[in-house]
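User: I would like to learn how to read a protein model, one feature at a time. Please give the general idea first and then the case at hand.

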Amino acid sequence: MLLLSFVKTILIPLDLSSDTLALVNYAVPIAAQTNATLLLLHVIRKQPYDNGTFDPKTEVHQRVKQEAEIILDQLSRQTFGRGVRSKVLVQDGNPAQTIVQCARNQHADLIVMRRACDHENCASEEVLRTASCPVLTWMETPQNAPSFPDVPSRKPAARFLRFDEKLSAAPIA
């Protein structure tokens, strides 16, 4: 296991996709081992084609935010049940920029995030390039499909980018 004694706050950006639970389950043992607090973050991204429907003042936006908070609260209760403290954050903005800013503002020591790109952007790549703290990226594979409550027994496809080596990421052994 990596020596992560410096980790006291772990930011986990969550897109609320089908592998959200697996990602949280992957981060919980790290937080438990270091006695860190998890920051469960969901970013509500403004769509390029939005005509104002997702403006923060609209009822639609408020409902999306409320539903995200409910899901994150449930995840937070699950982490607490496993002995790990967590805090829920739902913010608006560009995902990568919001993740990096949140990590800075919340004094995160580590970001654990899903490595995924859609055809429009790649938040994980931008976070890897711009975050001021180490970033652990995780990718769902058939070998590490979720098995609640313990994903740690499976080997995730994860990469760890050390802070002092921002240009070269190495696989975890």
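Analyst: Start with contact: two residues are in contact when heavy atoms of theirs lie within 4.5 Å. The model here is predicted. Take M113, which lies in strand β4. Leaving out residues up to four places away in sequence, M113 touches P13, L23, I99, A123, S124, V127, V135, L136, T137 and W138.

User: What separates the C-alpha atoms of M113 and L23 in space, and how far apart are they along the chain?

Analyst: Their C-alpha atoms are 7.4 Å apart, although the two residues are separated by 90 residues along the chain. For the protein as a whole, 67% of the contacts with a separation of 6 or more are between residues 24 or more positions apart.

User: Is M113 buried or exposed?

Analyst: The cut-off for buried is under 20% relative accessible area. M113 has a relative accessible area of 4%, so M113 is buried. Buried residues make up 40% of the 173 residues in the protein.

User: How do I get an overview of the fold?

Analyst: List the helices and strands in chain order. This protein has four helices and seven strands. From the N terminus on, their order is β-α-β-α-β-α-β-α-β-β-β.

User: Which strands pair with β1, and in what sense?

Analyst: β1 pairs with β2 in the parallel sense over five bridges, and I12 stands opposite L40 in β2. Between these two strands the chain passes through α1, and this β-α-β crossover is right-handed. β1 also runs parallel to β4, joined by two bridges. There, I10 has L110 in β4 as its bridge partner.

User: What does β4 pair with besides β1?

Analyst: β4 pairs with β5 in the parallel sense, over four bridges. V112 has L136 in β5 as its bridge partner. Four of the five residues of β5 are buried.

User: How should I look at the two faces of a strand?

Analyst: Check each face for burial separately. In β1, five of its five residues are buried. T9, L11 and P13 are on one side, I10 and I12 on the other, and both faces are covered.

User: What about nonpolar cores?

Analyst: In soluble globular proteins, nonpolar side chains tend to be buried together. The largest nonpolar core here has 25 residues, of which I10, I12, L14, L38, L40, L110 and V112 touch the most other members. Elements that each supply at least two residues are β1 (9-13), α1 (20-34), β2 (37-44), α2 (59-81), β4 (110-114) and β5 (135-139). The largest share, eight residues, comes from α1. A second, separate core of 19 residues includes V43, L89, A123 and V127.

User: Which residues does I10 contact, leaving aside its neighbours within four places in sequence?

Analyst: On that count I10 is in contact with I30, A31, A36, T37, L38, L39, L110 and V112.

User: How do I read a helix in the same way?

Analyst: An α-helix has 3.6 residues a turn, so residues three or four places apart point the same way. In α3 (residues 95-105), the buried residues are P95, A96, T98, I99, V100, C102 and A103. These buried residues pack against β1, β2, β3 (86-92), β4 and α4 (123-130).

User: And the ends of α3?

Analyst: Look for a side chain that meets a backbone atom at the start. N94 caps the N-terminal end of α3, with a side-chain oxygen 3.1 Å from the backbone nitrogen of A96. Just after α3, H107 takes a positive phi of about 60°.

User: How many disulfides does the structure hold?

Analyst: The structure holds zero disulfides. C102 is buried, at 2% relative accessible area, and C133 is also buried, at 7%.

User: Can a polar residue be read the same way? Why does S76 count as buried?

Analyst: Apply the same cut-off, under 20% relative accessible area. S76 counts as buried because its relative accessibility is 14%. S76 lies in helix α2. Apart from neighbours within four places in sequence, S76 is in contact with L40, S86 and V88.

Methods:
Residues are numbered from 1 along each chain as its sequence is written. This is a predicted model: local features need pLDDT of at least 70, side-chain atom pairs count only at pLDDT 80 or more; totals for chains, interfaces and linings use all residues. Side-chain values use heavy atoms; hydrogens and water are left out. A nonpolar core is a set of buried Ala, Val, Leu, Ile, Met, Phe, Trp, Tyr and Cys residues joined through side-chain atoms within 4.5 Å. Buried means under 20% relative accessible area, exposed over 50%, partly exposed in between (1.4 Å probe, protein chains only). Two strands pair if DSSP finds at least two bridges between them. A crossover is right-handed if, with the strands pointing away from the viewer, the path from the first strand over the helix to the second runs clockwise. A disulfide is a pair of cysteine sulfur atoms within 2.5 Å. A polar contact is a pair of N or O atoms within 3.5 Å; within protein, one must be able to donate a hydrogen and the other to accept it, and residues adjacent in sequence count only if both atoms are side-chain atoms.
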